[in-house]
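Dear colleague,

I am handing over the structure we spoke about, so that you can have it open while you read. My notes on what was found follow below.

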Amino acid sequence: MSIAASAPIALPEPSLETLPGLWRRSLLAWPDGREDRTSFVNWMQGPGLYLDLRQPDGAPDFSGVASLSDLRHEEIVWLARQEGFAGELVHEDGWFEWRRDIDFQPQAIYSDRGRLWIEGGTMVEEGKDIPYIEHWHREPVAGSPEWAARLEDRETGQKGAIARLGSLFMIARERYCETPAGLTLSECVEGAADIARARDFIDCEISQGAVTSAGWIVQRSSLPFREGKAVMPCLAAGILETADMDAKGRPFARRWEITDLRGEPLLDVTENGVTR
């Protein structure tokens, strides 16, 4: 007796209502034939707000890096090739636009707009202002709890963002310094006056992690020394506190004002993916 393979679950037509979830990119293709199939790219879409982390293949060994001040020049050069964003997804006149509040790279001159459609089990994205094709795949993540927020550091004014989907989360913080206009981050790093300034340019966090019985643990980050660390979010009187570290690795509590909240925040931990 033969058993037919189960058909893949059909994806719904892309809309602001159906897109919340975690999406993994498998392909970036350009008209000239260039392709990227190896970069780690995850896009977490919450209710309205999103976070996105993109890391090229071939990362150096960061095992000896415990803080921003430990980063060496060759490590900074690789980190400057990363991309990542956080902001709001809008849908107007048939086009989706990923409006960026936070951008790991210096602000792009073009808007990030594209069409989305479904082909089998793949969501295809085609750029509007920049010609590209991306293939996206929905990851199996529980949809509850589902919430996201824009943040502002109460002391520095830096923008932040956070989103949670089931037992996964993402969190972002913009860099404190300005980057020179019209340059890539790699160019900013190469032209930095000294290594301290190069580290300042890199100091933009976009992290993804898991909500576990041990806490909110960072698993991937644009800042490698954040990986394995607990975020420990705590909400009181409208202020969100998260665990952070300064440039020398000394821990401190960052206090965020919630400037835009979508959904109901749930900060507890889970055991085996089940909320306690």
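What percentage of the 276 residues of the protein count as buried? The figure is 46%, and please keep in mind, here and throughout, that this is a predicted model.

**Overall picture**

The protein has three helices and 19 strands, and the C-alpha trace spans about 65 × 50 × 45 Å along its principal axes. A compact globule with 276 residues would have a radius of gyration near 19 Å, and the value for the protein, 19 Å, agrees with that. If one takes the contacts in the protein with a sequence separation of 6 or more, 54% of them are accounted for by residues 24 or more positions apart.

On the outside, the accessible surface comes to about 13600 Å², and 50% of this area belongs to carbon and sulfur atoms. As for charge, there are 30 positive and 46 negative side chains in the protein, with the centres of the two sets lying 2 Å apart.

**The nonpolar core**

Which residues touch the most other members of the largest nonpolar core? They are Leu71 and Ile202, in a core of 38 residues. At least two residues of this core are supplied by each of several elements, among them the helices H1 (73–79), H2 (185–190) and H3 (195–202), and the strands on that list are S3 (40–45), S4 (49–55), S11 (159–165), S12 (168–173) and S13 (205–212).

Leaving aside neighbours within four places in sequence, Leu71 is in contact with Phe62, Val65, Ile76, Leu79, Ile195, Arg199, Ile202 and Phe225. One of these partners, Ile195, lies in helix H3 and counts as partly exposed, with a relative accessibility of 35%. When neighbours within four places are again left aside, the contacts of Ile195 are Leu71, Arg72, His73 and Ile76. For a sense of distance, the C-alpha atoms of Ile195 and Asp244 are separated by 22 Å, the two residues being 49 residues apart along the chain.

**Two buried residues in strands**

Is Gly209, in strand S13, buried or exposed? Gly209 is buried, its relative accessible area being 0%. Not counting residues up to four places away in sequence, Gly209 touches Ser167, Leu168 and Phe169, as well as Ile217, Val218 and Gln219. Met170 is 39 residues away from Gly209 in sequence, yet the C-alpha atoms of the two are 6.3 Å apart in space.

Thr122 is found in strand S8 (residues 122–127) and has a relative accessibility of 16%, so it counts as buried, the cut-off being under 20%. Its contacts, with residues up to four places away in sequence not counted, are Leu11, Trp117, His135, Trp136 and His137. Asp260, by contrast, is 138 residues from Thr122 in sequence and 31 Å from it in space, C-alpha to C-alpha.

**A partly exposed strand residue**

Ala253 has its place in strand S17 (residues 251–262) and is partly exposed, with a relative accessible area of 47%. Once neighbours within four places in sequence are left aside, Ala253 is in contact with Glu241 and Thr242. Pro233 is 20 residues from Ala253 in sequence, and the distance between their C-alpha atoms is 9.5 Å.

**Two loop residues with positive phi**

Where is Asp93 found? It is in the loop between strand S5 (83–92) and strand S6 (95–103), and its phi is near 55°, which is a positive value in a residue other than glycine. Asp93 counts as exposed, with 77% relative accessibility.

Met232 is another residue other than glycine with a positive phi, in this case near 50°, and it lies in the loop between strand S14 (215–221) and strand S15 (234–236). With a relative accessible area of 56%, Met232 is exposed, the cut-off for that term being over 50%.

With best wishes

Methods. Residues numbered from 1 in each chain as written. Predicted model: local features only at pLDDT ≥ 70, side-chain atom pairs only at ≥ 80, totals over all residues. Heavy atoms only, no water. Helix = DSSP H or I, 4+ residues; strand = E, 2+ residues; numbered from the N terminus. Buried < 20%, exposed > 50% of the residue type's maximum accessible area, 1.4 Å probe, protein only. Rg over C-alpha atoms; globule rule 2.2 N^0.38 Å. Contact = heavy atoms within 4.5 Å. Areas by Shrake-Rupley, 256 points an atom, 1.4 Å probe, with all protein chains shown as cover. Lys, Arg positive; Asp, Glu negative; His and termini not counted. Charge placed at Lys NZ, Arg CZ, Asp CG, Glu CD. Core = buried A, V, L, I, M, F, W, Y, C linked by side-chain atoms within 4.5 Å.
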